[in-house]
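Please examine the sequence and the structure displayed below. The paragraphs after them proceed from the overall fold to individual residues.

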Amino acid sequence: MASATPAKTQTKVLKFDTEEDVAVALAKYTADLSEKYINEKGSFSVVLSGGTLIDTLRKLVESPYKESVDWSKWLIFWVDERVVPLDHEDSNYLLASRGFLSKSRFLLRNKRHCQWLLHITNEQVPIPPSNVYAINDKKSPEGAADDYEDHLKDLISRKILPISNISGFPKFDLMLLGMGPDGHVASLFPSRHHRYEKERWVTFITDSPKPPPPRITFTFPVINSASEIAMVITGADLAETTKMALGNGQIPGSTPLPCTEVSAEGELAWFLDKDAASKL
Ligand SMILES: O=C1O[C@H](COP(=O)(O)O)[C@@H](O)[C@H](O)[C@H]1O
């Protein structure tokens, strides 16, 4: 059962007993927003992360949402991507393709919960391939970041994506974010200067502290222009960072962690299981 605690304006913190409960609630939340935005504007732009988020999204591609969501109106982007071939095991695109975009038979290791999960459906979520915006994996990290940003500019010029009236940066309907134990979100790491980028939409890094080193990532001005953001956090190893992120554990005088800098133009919702919320 969930309990909702208001943390700060337009932020809600949803706590659930188990990771399974988080997955169930996240599916309903995403499906409800899909319906709302498709009714309002005819499409739904969704920005995915890599990592454990993709596994936590598993209920969205099961009944009833598999049938009820209008997948043809979805546009899929990545908040960050590892600059590796799209069929490389480190690719966030490949992770999402296996776990979400294409539900074929595969084994998925859920690292955080130390179990193997078997997915055995053969169906594909019918998102038109032309609406799935993967990176150009033939480029350098800098080239891939430029390419992705140019792609966004093209979508804006064709009015497929809007610009935020508030920030002047692209405005996505929903970003689904994870967080690392070091407090990174997307590929914005505490110790790397690109987390402070204020002009670019997409930037790059060649020395990520978490492998693989070459990555591209949306910048905070783009992330924080989203209408809705879900921070999806499960597992006891994130309890301390979750405490810091929600404002109860920042060490005075220390540099704020990237996860504390996430905000949304609409609503920021934290989905926490009992373990992640255990130090709040
Ligand atoms: O490297 C990455 O890490 C974060 C967090 O991943 P998790 O496995 O700890 O959930 C992820 O959100 C990001 O997209 C990914 O590239």
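What follows is a guided reading of the model, beginning with its reliability and ending with its backbone geometry.

The structure is a predicted model. The mean pLDDT of the protein chain is 90, and 88% of the residues reach 70 or more. The model scores ipTM 0.98 and pTM 0.91. Two stretches call for caution. Over residues 3-8 pLDDT stays under 50, and the model has 7 contacts beyond four places in sequence for them. Residues 104-122 likewise have pLDDT under 50 throughout, and for this stretch the model has 26 contacts beyond four places in sequence.

The protein chain contains 7 helices and 12 strands. Of its 280 residues, 42% are buried. Among contacts between residues at least 6 apart in sequence, 72% join residues at least 24 apart.

The interior may be considered next. In soluble globular proteins, nonpolar side chains tend to be buried together. The largest nonpolar core of this model has 75 residues, and those touching the most other members are Val47, Met175, Leu176, Leu177, Met231, Val232 and Phe271. Helix α1, residues 19-41, gives the most to this core, contributing 6 residues. Methionine 231 shows how parts of the chain that are remote in sequence meet: beyond its neighbours up to four places away, it touches Leu177, Met179, Val262, Leu268, Trp270 and Phe271.

Several of these residues lead to strand β12, which spans residues 267-273. Because 6 of its 7 residues are buried, β12 is largely enclosed by the rest of the structure. Strand β11, residues 228-233, pairs with β12 in the parallel sense over 6 bridges, and valine 232 stands opposite phenylalanine 271 in β12. Strand β2 also runs parallel to β12, joined to it by 6 bridges; here threonine 11 stands opposite leucine 268. Valine 13 is found in β2, which covers residues 11-16. Is valine 13 buried or exposed? Valine 13 counts as buried because it has 21 C-beta neighbours inside 10 Å, the cut-off for burial being 20 or more. Valine 13 and isoleucine 76 are 63 residues apart in sequence, and their C-alpha atoms are 25 Å apart in space.

A separate group of strands forms an open sheet of 3 members in the order β5-β10-β9, with antiparallel pairing. Strands β5 (80-82) and β9 (202-205) stand at the edges with a single partner strand each, so one side of each has no neighbour in the sheet. Neighbouring strands of this sheet are turned by 15 degrees against each other on average, direction ignored. Strand β5 is joined by 3 bridges to the antiparallel strand β10, residues 215-218, and glutamate 81 stands opposite isoleucine 216 in β10. Helix α5, residues 141-157, lies across β9 and β10 and runs at about 165 degrees to β9.

Helix α4, residues 92-101, is mostly covered, with 7 of its 10 residues buried. The buried residues are Asn92, Tyr93, Leu95, Ala96, Ser97, Gly99 and Leu101.

The loops present a further set of features. Serine 72 lies in the loop between α3 (65-68) and β4 (74-78), and it counts as exposed because it has 11 C-beta neighbours inside 10 Å. Its C-alpha atom is separated by 5.1 Å from that of isoleucine 127, a residue 55 places away along the chain. Apart from neighbours within four places in sequence, serine 72 is in contact with Pro126 and Pro128.

Where does the backbone contain cis peptide bonds? One joins serine 63 and proline 64, with omega about 5 degrees; proline 64 is placed in the loop between α2 (53-56) and α3. Another runs from proline 211 to proline 212, with omega near 0 degrees, and proline 212 lies in the loop between β9 and β10.

Two residues other than glycine have a positive phi. For lysine 159, in the loop between α5 and β8 (174-177), phi is about 60 degrees. For alanine 186, in the loop between β8 and β9, phi is near 50 degrees. Their surroundings contrast: lysine 159 counts as exposed because it has 7 C-beta neighbours inside 10 Å, whereas alanine 186 counts as buried because it has 28.

Key
Residues are numbered from 1 along each chain as its sequence is written. This is a predicted model: local features need pLDDT of at least 70, side-chain atom pairs count only at pLDDT 80 or more; totals for chains, interfaces and linings use all residues. pLDDT is the predictor's confidence in each residue, from 0 to 100. Two residues are in contact if their C-beta atoms, placed from the backbone, lie within 7 Å. A nonpolar core is a set of buried Ala, Val, Leu, Ile, Met, Phe, Trp, Tyr and Cys residues joined through C-beta atoms within 7 Å. A residue is buried if 20 or more other C-beta atoms lie within 10 Å of its own, exposed if 12 or fewer, and partly exposed in between; C-beta atoms are placed from the backbone. Helices (H or I, at least four residues) and strands (E, at least two) are DSSP runs, numbered from the N terminus. Two strands pair if DSSP finds at least two bridges between them. Axes are lines fitted to C-alpha atoms, for helices over the stretch in contact, and angles run from 0 to 180 degrees between N-to-C directions.
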